[in-house]
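Good morning, colleagues. Before I begin, please bring the sequence and the structure up on the screen.

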There are 2 protein chains.
Amino acid sequence: MHDMMATRASPDTASELQAAGAAHASANPSASPSANPSFSPLYRQIKGLITRSLQQGDWKPGELIPSEADLARRFGVSQGTVRKAVDELAAEGLLLRRQGRGTFVSTHHEERVKFRFLRLVPDATAEGGRPLPQPMDRQFLECRRVRASQEVARMLGIKTGESVTQIRRLLLLAGEPVVYEDIYLPGPAFRALTAERLESYRGPLYALFESEFATRMVRAEEKLRAVNADAQEAQLLRVREGEALLLVERLSFSYGELPAEYRRGLYNTRHHHYRNELN
Amino acid sequence: MHDMMATRASPDTASELQAAGAAHASANPSASPSANPSFSPLYRQIKGLITRSLQQGDWKPGELIPSEADLARRFGVSQGTVRKAVDELAAEGLLLRRQGRGTFVSTHHEERVKFRFLRLVPDATAEGGRPLPQPMDRQFLECRRVRASQEVARMLGIKTGESVTQIRRLLLLAGEPVVYEDIYLPGPAFRALTAERLESYRGPLYALFESEFATRMVRAEEKLRAVNADAQEAQLLRVREGEALLLVERLSFSYGELPAEYRRGLYNTRHHHYRNELN
DNA sequence: TAGTGGTCTAGACCACCGT
DNA sequence: CGGTGGTCTAGACCACTAA
């Protein structure tokens, strides 16, 4: 394999890569030899281009993206450089590498990473045993359009009073109600969402959002607190009023650090716990 | 045994690296050409060797380890292979790379990563603002040798009734008691630990353990629950009895996945919250 | 200026997957 | 079998730090 004409051409997409410290950056003895203020290595620029393609939906969740060799040709860089860009994206969970098959866009549909964001596990879980083998059931109490409260607006980065979709639901594990949460989705994207659709859908909410509302949750930040159950919460979760509950506020982000969901959940931690790893 | 070193010399440590799929491994026509059951790439073996050196204390926390080129020579591999090993160790927090200076063994003494394991932050913390700029104070209530209860023994992987060191303390943020925790340390290593030493030490507990007890905490697992304060807990944390508190059980590991500390903490989350990131 | 980690390239071969 | 990601090497040059 040789191929590849002597030089560049980069007949495809954006060949706007700034030659920044690239060894092969050709004869460029002029261009300031040092003191680069906003220096970004090539592989990060490549990473940016790939991210943009993901944002734009050029490659959709679950799909196969072009091979490393292919991408290297398109971008006019070496395979090693593409590899480093893809490595980082895979580490961030945006892409999924599978030896012998190719690189795929991550999706909430895969069996392996289902409930990736739900850290609640039954107490009986053994040391290594990760997920919950319990039967999970849902119960949707609300699904409606409401005006964003000051707090919801602030979290989602929109104006107070703007229309948002609110979902209120109950999660049952092994028949017992364990999670009660309010979910807020910004903008008109989720206008078509109905309680019926929620009821009929099998699988995680994020998988539904991905498939039918073109919104993929990429990462999230959570704030945890302990609170005492009020009368309504106690009734829904079948605990005594005043019983301690774990309050979990979650802000989820889509591609490009775009806030795409705000969630306020109450967990009954009598037989379950929130599991976390510190590094 | 076989080969190795047509060149090199590798005068130093273990040159027992099994030529596994190495392109240059050559001269090894015997060894099953494929179908390798427990296949481990070279860089992982290197990683193991470096980890072993860390465990053995060849390089201590805060110290500079040999340069990549140096390590490559010692191990008889290319710099790229060493680099990949070090990359992973740095990603896991065992090593810290600093361009232009070298690679250092991570330590709990650095200003940058102090309180790496304490995820409690004041509610007022802005979006990006990470750590707590609050004045922190401690109050040590106990420091004694006790026999491990069944639970403590199970967590620490020792026998029930074995001697462990117990520390009971209160953490005060901005003058208010916010954390009340019991800490259990296994084995005879911490026999010399006294309440006086704890009182006089400035800096994180883990920094003390590292400096004076040759125990570095590398990673930890936490289980979170919401519980109602009992009378004693309420008094110490200055809340009403029955008030919801965040119960945080932490199992910390030293090098080699060795359980080295079990901790049971109660957090008052009225003005603070536990912060977490999901990827 | 010397030394370190950081980036980039080019090419080889291995492990794994589907056909 | 051909194609994909995974590993390994060798060498070049860049960015940063400290002496």
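**Two DNA strands and one helix**

I begin with a contact to DNA strand D: a phosphate oxygen of this strand is 3.3 Å from an N or O atom in the side chain of Thr103(A). That is a polar contact, meaning a pair of N or O atoms within 3.5 Å; within protein, one must be able to donate a hydrogen and the other to accept it, and residues adjacent in sequence count only if both atoms are side-chain atoms.

Some conventions first. This is a predicted model, in which local features need pLDDT of at least 70, side-chain atom pairs count only at pLDDT 80 or more, and totals for chains, interfaces and linings use all residues. Residues are numbered from 1 along each chain as its sequence is written, chains are lettered from A and ligands numbered from 1 in the order in which they are written, and side-chain values use heavy atoms, with hydrogens and water left out.

Two further contacts reach phosphate oxygens of DNA strand D. One is 2.8 Å from an N or O atom in the side chain of Arg83(A), and for Glu68(A) a backbone N or O atom lies 3.0 Å from a phosphate oxygen.

Which residues come nearest to DNA strand D? They are Arg97(A), Gln99(A), Leu42(B), Thr81(B) and Gln99(B), out of 24 around the strand; a residue is near a strand if one of its heavy atoms lies within 4 Å of it. Sugar and phosphate make up 83% of the atoms of DNA strand D that come within 4 Å of the protein.

I turn to DNA strand C. It is surrounded by 23 residues, the closest being Leu42(A), Thr81(A), Gln99(A), Arg83(B) and Gln99(B). Here a polar side-chain atom of Gln99(A) lies 2.9 Å from a sugar or linking oxygen. In chain B, a polar backbone atom of Gly100(B) is 2.9 Å from a base nitrogen of DNA strand C, while one of Glu68(B) is 3.0 Å from a phosphate oxygen.

Finally, helix H3 of chain A, residues 79–91; helices are DSSP runs (H or I, at least four residues), and strands likewise (E, at least two), numbered from the N terminus. Its buried residues (under 20% relative accessible area, 1.4 Å probe, protein chains only) include Val82(A), Ala85(A) and Leu89(A). Seen down the axis of H3(A), the buried residues fall within an arc of 155 degrees, so they line one face of the helix; the arc is that of the directions from the helix axis to the C-beta atoms.

Definitions and conventions. Expected span 1.5 Å × (residues − 1). Buried < 20%, exposed > 50% of the residue type's maximum accessible area, 1.4 Å probe, protein only.
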